[in-house]
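Let's take a walk through this model together, from its packed interior to its open spaces. Please have the sequence and the 3D view ready.

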Amino acid sequence: ASLDNTIRMWDPYDMCCTRVLKEDRSEISAITCLRSKSKIVSGHDDGSLRLWNLDTGSTTNLREHSNTVTCLITACFEGKDEELVLSGSFDGYVCVWDMQKKPTKGIIPHMLTKFQASVEAEILCLLHDSNKNVIVSAGNDTCVRVWSEAYEPLGVHSGHAEAVTCLALDGNFLFSGSEDFSVKVWDTVPSREGGGLSHFGGGSTLVKTLVGHKRTVTSVEIEPSS
């Protein structure tokens, strides 16, 4: 997806562009694919989401955020079969969407719930850990926040000096990239202290700080085979 308002599909073998989807209403700021269906979801700078059906070419417009959608991820929660979409925004909220409903049954894709992941900061990245059943959010308040699948706070990783821009997961380790030029490695879930789930002061365990970049770290990925 691009700020030229197109979504382009590419053949992974010869790298030819096979299809172009055009968006006229607002800039595309995020994108994700639904694994179980031939659908993609795009986020936009006006706070809306667009569900694209690649078989029919039809779109469904959804609106809940009050500011730019910055990140989209898919998640399958424990004990549930359906694949959900989570969206984060400059408005500080995370919205959870059911995108699998068929409009022909009279139930259109819709938001299931939303929670405020940051009171004063913008959400820049999201991650779901299906092994530990947690959601991770981060943004320009420099903190990495961990939530249960019931959207209750489990703790905070604090240590970055600037905005956290990207997240990646490798087993028990959570990687966060930042505008402070570093990548920090954490135990995914902070240790519990005091007030249980509702307590937001869980002990943050920093494993290591990776340094070397001279500018903002914009993306972190894990190579599973190595």
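## Cores, cysteines and spaces

Leaving aside neighbours within four places in sequence, Phe77 is in contact with Leu84, Leu86, His128, Ile135, Glu149 and Tyr151 (contact means heavy atoms within 4.5 Å). A word on the source: this is a predicted model, in which local features need pLDDT of at least 70 and side-chain atom pairs count only at pLDDT 80 or more, while totals for chains, interfaces and linings use all residues. Residues are numbered from 1 along each chain as its sequence is written, and side-chain values use heavy atoms, with hydrogens and water left out.

Phe77 also belongs to the largest nonpolar core, which has 14 residues; Phe77, Leu86, Val94, Ala117 and Leu126 touch the most other members. Such a core is a set of buried Ala, Val, Leu, Ile, Met, Phe, Trp, Tyr and Cys residues joined through side-chain atoms within 4.5 Å. Buried means under 20% relative accessible area, exposed over 50%, and partly exposed in between, with a 1.4 Å probe and protein chains only. At least two residues of this core come from each of β7 (69-75), β8 (84-89), β9 (93-98) and β11 (123-129), and β7 gives the most, with 3 residues. Strands here are DSSP runs (E, at least two residues), numbered from the N terminus. A second, separate core has 12 residues, including Leu34, Leu49, Val69 and Leu72.

Val69 and Leu72 turn up again around Ala30, which touches Val41, Ser42, Gly43, Val69, Thr70, Cys71 and Leu72, not counting residues up to four places away in sequence. Ala30 is found in strand β3 and counts as buried because its relative accessibility is 9%. Its C-alpha atom is separated by 4.7 Å from that of Gly43, 13 residues apart along the chain.

Now for the backbone: two residues that are not glycines have a positive phi.

| Residue | Phi | Place |
|---|---|---|
| Asn133 | about 55° | loop between β11 and β12 (134-139) |
| Tyr151 | about 65° | loop between β13 (144-148) and β14 (153-157) |

Tyr151, already met as a contact of Phe77, is partly exposed, with a relative accessible area of 22%.

How many disulfides does a search of the whole structure find? The count is 0, where a disulfide is a pair of cysteine sulfur atoms within 2.5 Å. For Cys33, the nearest cysteine sulfur is that of Cys76, 14 Å away. For Cys143, it is that of Cys125, 12 Å away.

Next come the spaces. The largest pocket holds about 580 Å³ and is lined by 26 residues, with Ile73, Leu126, Leu167, Val220 and Glu221 nearest its centre. Two or more lining residues come from each of β3 (28-34), β7, β11 and β15 (164-170). On a 1 Å grid over the protein atoms alone, a pocket is an open set of points with protein on both sides within 12 Å along at least five of seven lines; a cavity is a set where a 1.4 Å probe fits but cannot get out, and lining residues have an atom within 4 Å of a point.

The search of the whole structure finds 1 cavity of 30 Å³ or more, and the largest cavity has a volume of about 30 Å³. Among the residues lining this cavity are Ala117, Asp141, Cys143 and Arg145, and the largest share of its lining, 3 residues, comes from β12. Cys143 counts as buried because its relative accessibility is 13%.

Technical notes: Helix = DSSP H or I, 4+ residues; strand = E, 2+ residues; numbered from the N terminus. Points joined across faces, edges and corners; volume = space filled by probe spheres on them.
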